[in-house]
Structures are given as structure tokens and as C-alpha cells.
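This report reads a single structure from its atoms, taking the metal site, the aromatic rings and one helix in turn.

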Amino acid sequence: MSLHRLAVIAILAATPLLAAQAPKKEAPPFGGDYQKYWIDVCARCHGVNGNGRDNAGNQLPDAGFDFTDSRKAGRKKDSDWVKVTLEGKDKMPAFKGKMTEDQVKKMIADIIRPFGARH
Ligand code: HEC
């Protein structure tokens with residue numbers, strides 16, 4: 001079998017695999033606006049309001065945690081949330097390299113904690 005033929009077969013064989021594993025659009029690095037970054041990047045999974053729901057009120061598939069549940073959120077430590085955000089966990093992507101630790105802390109204080117306080 002010619003090398004060319006082998007290469008074509010290899011590409012054809014790999015195509016469905018690549019399509020299935022293609023990550024959703026890679027998140028951009030944090031640009032300095034916490035509210036905007038939450039809406040542009042985090043809300044896809046966590047919801048604009050932090051409750052893991054879309055604007056129609058339907059549960060988002062990759063929500064993971066309802067930040068508006070003040071009882072549950074109150075038992076969570078900032079340090080754990082910083083770790084999960086920087087390093088990722090299961091479906092939660094790692095934001096190390098996109099946000100610094102200080103920026104994650106400010107995101108938690110300014111955006112995420114207030115979700116729980118409003119309820
Ligand atoms: C692709 C979906 C997705 C995106 C985008 C995403 N998250 Fe998450 N996040 C998750 C999931 C799923 C979990 C739950 C992980 C677990 O515990 O298994 C989670 C968990 C968390 C937690 C810990 C909550 C807990 O369980 O106590 C924090 C904090 C968090 N995310 C913050 C963020 C921030 C800030 C952003 C944006 C910079 C973000 N997430 C973007 C899916 C996502």
C-alpha cells in the first residue's frame with residue numbers, strides 16, 4: 001500500500017474522533033471586567049445569575065453548583081473555590097493561565113458570593 005493511501009486512510013479514520021473531541025470554543029484570557037467575563041465565559045455553564053439556569057429558566061447541562069443557594073454556598077470556602085477555578089474539576093475547566101489567583105479571588109468576592117446574598 002502506498003504511503004499516500006495510508007495517510008488518507010489515517011486521516012479518514014481520525015476525522016470522527018477529532019470531531020467528537022473538539023473542545024468547545026476555548027475561553028479567552030480574563031480582560032479585566034469581572035461582570036463581562038462572568039457573562040461571556042462562566043455563564044455558559046453557571047448561568048448569568050449563578051443559578052445554573054439559562055434565561056428561560058432551564059437547567060444548564062454543565063452547571064455543577066447553584067451559587068444562589070446561600071445555605072450550600074455558605075458552607076463553601078473561598079480557598080476551595082479558588083482552587084477549583086484555577087485547576088478545574090470534572091467538567092469545570094481550569095482557568096490557570098487565563099486568570100491570576102488574585103483575579104479569581106475578586107471574581108468570587110464581587111460576582112459569585114453576591115449571587116447567594118440576594119436570596
Ligand atoms: C464548561 C462549563 C463551565 C464553565 C465555562 C465554568 N464552570 Fe465553574 N463549574 C462547572 C462545573 C460542572 C462545576 C462543578 C465541578 C464539580 O464539583 O464536579 C463547576 C464548579 C465551579 C466552582 C466550585 C463550586 C462548588 O462546587 O463549590 C466555582 C467557584 C466555579 N465553578 C467558578 C467558575 C468561574 C468563575 C467560571 C468562569 C471564569 C466558571 N466556573 C466557568 C462548569 C463550568
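What follows describes a predicted model.

**The iron site**

The protein supplies two donors to the iron atom of the ligand, namely His-46 through NE2 and Met-92 through SD, and these lie 1.9 to 2.1 Å from the iron atom. The site has 6 donor atoms, and because the angles among them run from 85 to 179°, its geometry is classed as octahedral. For reference, the ideal angles for six octahedral donors are 90 or 180 degrees.

The two protein donors come from separate parts of the chain: His-46 lies in helix α2 (residues 34–46), whereas Met-92 lies in the loop between α4 (78–87) and α5 (101–117), so the pair ties together parts that are 46 residues apart in sequence. His-46 has a relative accessibility of 12%, and since the cut-off for a buried residue is under 20%, His-46 counts as buried.

**Aromatic pairs**

Across the whole structure, a search finds 8 aromatic pairs. Two of them, both tilted, are set out here.

| Pair | Centre to centre | Angle between the planes |
|---|---|---|
| Phe-30 and Tyr-34 | 4.6 Å | 45° |
| Trp-38 and Phe-115 | 5.1 Å | 50° |

The angle of 45° for Phe-30 and Tyr-34 falls neither under 30 degrees, as stacked rings would require, nor over 60, as an edge-to-face arrangement would, and the pair is therefore called tilted. Both partners are buried, Phe-30 with a relative accessible area of 11% and Tyr-34 with one of 15%.

The pair of Trp-38 and Phe-115 is likewise tilted, and it links distant parts of the chain, with Trp-38 in helix α2 and Phe-115 in helix α5, 77 residues apart. Trp-38 is buried at a relative accessible area of 2%, and Phe-115 also counts as buried, at 4% relative accessibility. These two residues belong to a cluster linked by ring pairs, which consists of Trp-38, Phe-65, Phe-67, Trp-81 and Phe-115.

**Helix α4**

Trp-81, a member of that cluster, is also one of the buried residues of α4, the others being Val-82, Thr-85 and Leu-86. These buried residues cover an arc of only 125° around the axis, which means that they are on the same side of α4. Among the elements that cover them are α3 (70–74) and α5. Just after α4, Gly-88 takes a positive phi of about 80°.

How values were computed:
Residues numbered from 1 in each chain as written. Predicted model: local features only at pLDDT ≥ 70, side-chain atom pairs only at ≥ 80, totals over all residues. Heavy atoms only, no water. Donors = N, O, S within 2.8 Å, 3.2 Å for Na, K, Ca; no water. Tetrahedral: all angles 85-135°; square planar, octahedral: opposite > 155°, others 65-115°. Helix = DSSP H or I, 4+ residues; strand = E, 2+ residues; numbered from the N terminus. Buried < 20%, exposed > 50% of the residue type's maximum accessible area, 1.4 Å probe, protein only. Phe/Tyr/Trp six-rings, centres within 6.5 Å; stacked < 30°, edge-to-face > 60°. Arc of directions from axis to C-beta. Contact = heavy atoms within 4.5 Å.
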